[in-house]
Amino acid sequence: MTGIFFGSTTGSTEAAAAKIAERLGIAPPDVHNVADTPAEKVKEYDLLLLGSSTWGAGELQDDWSVFLPRLKEVDLSGCRVALFGCGDAGVYGDTFCDAMAEIRDGLASSGCLFVGELEASEYEGCCSRICRDGKVIGWAIDESASEAENEMRMELWVAAIG
């Protein structure tokens, strides 16, 4: 079963979560705003889709700053985790979607299995922390990219989740 967990300040990440839910046929009760969801809720799912916008110099969206420490306390052994995030590579290239890296690094010792990586070539010139070993750690929704480009990347991400 798949659960979507997102943090959103301006509504962009919430809209992305809704788009993902529609694309994957995930029911509204399985889409959770981390602002008002206990971390233990993730135990109900074997695939977690975790999303955050990036703020400041590559920082988590505010609600994730509270949720992530609590999530670190949950045993995620065997759980698959895919990341998505919103940012602007044109303006903030060096910290583009770094909140995704904050989540990934925060959960690195949780026992989860990260899925949904994309080829770095899909994000030409990526120089932020989401680019690792020729891969991008999830679906980075780029405010400076076209809607068609972001849609194409979402389809690649969905395929990579498996």
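## Two positive phi angles

In this predicted model, D133 is exposed, with a relative accessible area of 81%, and its place is the loop between β8 (131-132) and β9 (135-136). Although D133 is not a glycine, its phi is positive, at about 50 degrees.

C97 also has a positive phi without being a glycine, with a value near 55 degrees. The surroundings of C97 are of another kind, however: C97 is buried, at a relative accessible area of 1%, and belongs to the loop that runs between β5 (80-87) and α3 (98-107).

## Aromatic pairs and a cluster

Across the whole structure, a search finds 6 aromatic pairs. One of them joins F5 and Y45 in an edge-to-face arrangement, with the ring centres 5.8 Å apart and 80 degrees between the planes. This pair links distant parts of the chain, since F5 is in strand β1 (residues 2-7) while Y45, 40 residues apart from it, is in the loop between β2 (31-33) and β3 (47-55). Both partners are shielded: F5 is buried with a relative accessible area of 0%, and Y45 is buried with a value of 6%.

A further pair, formed by F96 and Y123, is tilted, with 6.2 Å from centre to centre and 45 degrees between the planes. Because F96 lies in the loop between β5 and α3 and Y123 in the loop between β7 (118-119) and β8, the pair ties together parts that are 27 residues apart in sequence. F96 counts as buried at 3% relative accessibility, and Y123 likewise counts as buried at 4%. As for grouping beyond pairs, F5 and Y45 join W64 and F67 in one aromatic cluster.

## Charged ends over rings

Two arginine side chains have their charged ends placed over aromatic rings. The charged end of R153 sits over the ring of Y123, at 3.9 Å from the ring centre, and Y123 is also the ring that forms the tilted pair with F96. The charged end of R104 sits over the ring of F114, and here the distance to the ring centre is 4.4 Å. R104 is itself listed with the buried residues of α3.

## Packing of α1 against α4

Helix α1 (residues 12-24) and helix α4 (residues 147-161) have axes that come within 12 Å of each other and cross at roughly 55 degrees. With that angle, α1 is oblique to α4, and the crossing in which α1 passes α4 is right-handed. On the α1 side the contact involves K19, I20, R23 and L24, which meet E151, M154, E155, W157 and V158 in α4.

S12 also lies in helix α1. S12 is partly exposed, with a relative accessible area of 39%, and its C-alpha is 9.2 Å from that of G85, although the two residues are 73 residues apart in sequence.

## Helix α3 and its surroundings

Helix α3 is mostly covered, with 8 of its 10 residues buried; these buried residues are D98, A99, M100, A101, I103, R104, G106 and L107. Helix α2 (residues 62-72) packs against α3 at an angle of about 20 degrees, with the two axes 9 Å apart. Angles under 35 degrees count as roughly parallel, and α2 and α3 are therefore roughly parallel to each other. The crossing in which α2 passes α3 is right-handed. The residues that meet are W64, L68, L71 and K72 in α2 and E102, I103, G106 and L107 in α3. Of these, W64 is also a member of the aromatic cluster with F5, Y45 and F67, while I103, G106 and L107 appear among the buried residues of α3.

A99, which lies in helix α3, is buried with a relative accessible area of 0%. When residues up to four places away in sequence are not counted, A99 touches S52, S53, T54, G58, E59 and L60. For S52, the separation from A99 is 47 residues in sequence, whereas in space the two are 6.2 Å apart, C-alpha to C-alpha.

Methods
Residues numbered from 1 in each chain as written. Predicted model: local features only at pLDDT ≥ 70, side-chain atom pairs only at ≥ 80, totals over all residues. Heavy atoms only, no water. Helix = DSSP H or I, 4+ residues; strand = E, 2+ residues; numbered from the N terminus. Buried < 20%, exposed > 50% of the residue type's maximum accessible area, 1.4 Å probe, protein only. Phe/Tyr/Trp six-rings, centres within 6.5 Å; stacked < 30°, edge-to-face > 60°. Lys NZ or Arg CZ within 6 Å of the ring centre and 35° of its normal. Axes fitted to C-alpha atoms, helices over the stretch in contact; angles between N-to-C directions. Parallel < 35°, antiparallel > 145°, perpendicular 65-115°, else oblique. Left-handed = near helix turned anticlockwise from the far one by under 90°. Contact = heavy atoms within 4.5 Å.
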